[in-house]
Amino acid sequence: MFRLKNFLAKKVVYANGKKIGTVIDIAINFSEKKVIGFAIKGINLFGKKNKLVLIEDFIYFDECLIVKKVTDTRYLAFSSIKGMEVIDIQGNIIGIVEDILFDDKFIIKGLIISPGILRKISVGKGVLLINDIIIGDNNVLYYGKNNIKFSILRHSISGVHYYE
């Protein structure tokens with residue numbers, strides 16, 4: 001599974017090595033539940049220019065994205081959804097959209113929501129499946145079962161040796 005933050009600020013280059021820019025956002029299609037491409041911020045002779053790299057134009061991605069071509073096509077950007085309030089059917093605010101989850105075939109699996117700054121520290125974040133949400137103009141409607149459980153996953157530091 002990938003998140004938007006796995007791709008932010010990655011370099012984007014053509015197959016011949018020419019640098020295009022860096023990833024700044026993700027282009028999505030919620031009706032098809034797919035990631036369409038990545039918005040990149042590049043520099044040309046006339047100043048800054050934002051472009052889009054479609055998924056089908058990817059050659060390889062790891063430390064940087066190697067692509068065939070870029071386009072000027074416009075799609076819904078995740079940044080326009082990020083920060084929206086998530087409400088349930090009763091009108092209760094569940095949280096705020098923070099990130100997006102998608103698989104290696106770039107199919108959207110869900111949205112990561114945060115219940116707020118203080119509650120995020122104490123109870124963690126939650127994941128809403130894409131099949132249980134509707135994106136509106138001002139907020140996201142969650143119509144799934146109301147059994148969202150926020151959790152904090154503790155990470156251990158691997159490779160650390162403790163000395164006394």
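## Salt bridges, core and strand pairing

D99 is buried, with a relative accessible area of 5%. Buried here means under 20% relative accessible area and exposed means over 50%, with partly exposed in between (1.4 Å probe, protein chains only). The model is predicted, so local features need pLDDT of at least 70 and side-chain atom pairs count only at pLDDT 80 or more, while totals for chains, interfaces and linings use all residues. Residues are numbered from 1 along each chain as its sequence is written, and side-chain values use heavy atoms, with hydrogens and water left out.

**Salt bridges**

The whole structure contains 4 salt bridges, each defined as a side-chain nitrogen of Lys or Arg within 4 Å of a carboxyl oxygen of Asp or Glu. Three of them are tabulated here.

| Pair | Closest N to O distance |
|---|---|
| R3 and D99 | 3.0 Å |
| E98 and K125 | 2.5 Å |
| K109 and D103 | 3.7 Å |

The side chain of R3 meets that of D99. This pair links distant parts of the chain, with R3 in strand β1 (residues 2-3) and D99 in strand β10, 96 residues apart. Strands (E, at least two residues) and helices (H or I, at least four) are DSSP runs, numbered from the N terminus.

E98 forms its salt bridge with K125. The two are 27 residues apart, E98 in strand β10 and K125 in the loop between α1 (117-123) and β12 (126-129). E98 is buried at 18% relative accessible area, whereas K125 is partly exposed at 30%. In the pair of K109 and D103, K109 is partly exposed, with a relative accessible area of 33%, and D103 is buried, with 14%.

**Nonpolar core**

What is the size of the largest nonpolar core? It has 34 residues, and those with the most contacts inside it are I28 and F38. The elements that give two or more residues to this core are β3 (19-29), β4 (34-44), β7 (64-67), β10 (93-102), β11 (108-114) and β14 (139-142). Such a core is a set of buried Ala, Val, Leu, Ile, Met, Phe, Trp, Tyr and Cys residues joined through side-chain atoms within 4.5 Å. In soluble globular proteins, nonpolar side chains tend to be buried together.

Leaving aside neighbours within four places in sequence, I28 is in contact (heavy atoms within 4.5 Å) with K34, V35, I36, L76, F78, I81, I100 and I108.

I96 lies in strand β10 and is partly exposed, at a relative accessible area of 38%. With residues up to four places away in sequence not counted, I96 touches G83, M84, V86, I112, I113 and S114. The C-alpha atoms of I96 and G126 are 10.0 Å apart, with their positions 30 residues apart in sequence.

**Strand β14**

Which side chains of β14 are buried? V140 and Y142 point to one face and are buried, while N139 and L141 point to the other and are not. Strand β14 pairs with β9 (residues 85-88) in parallel over 4 bridges; pairing requires that DSSP finds at least two bridges between the strands. The bridge partner of E85 in β14 is N139. With β13 (residues 133-135), β14 pairs in the antiparallel sense over 3 bridges, and I135 stands opposite V140. The hairpin that joins β13 to β14 passes through 3 residues.

**Aromatic residues**

There are 13 aromatic pairs in the whole structure. The ring centres of F2 and F61 are 5.8 Å apart and their planes are at 70°, so the pair is edge-to-face. F2 is in strand β1 and F61 in strand β6 (residues 58-61), 59 residues apart. Rings of Phe, Tyr and Trp (its six-membered ring) pair if their centres lie within 6.5 Å; planes under 30 degrees apart count as stacked, over 60 as edge-to-face and the rest as tilted. F2 counts as partly exposed at 23% relative accessibility, as does F61 at 25%.

One aromatic cluster is formed by F2, F7, F38, F58, F61, F102 and F106. The charged end of K10 sits over the ring of F7, 5.8 Å from its centre; this term requires NZ of Lys or CZ of Arg within 6 Å of the ring centre and within 35 degrees of the ring normal.

**Loop between β10 and β11**

D104 is found in the loop between β10 and β11 and is exposed, with a relative accessible area of 54%. D104 and M1 are 103 residues apart in sequence, yet 6.5 Å apart in space, C-alpha to C-alpha.
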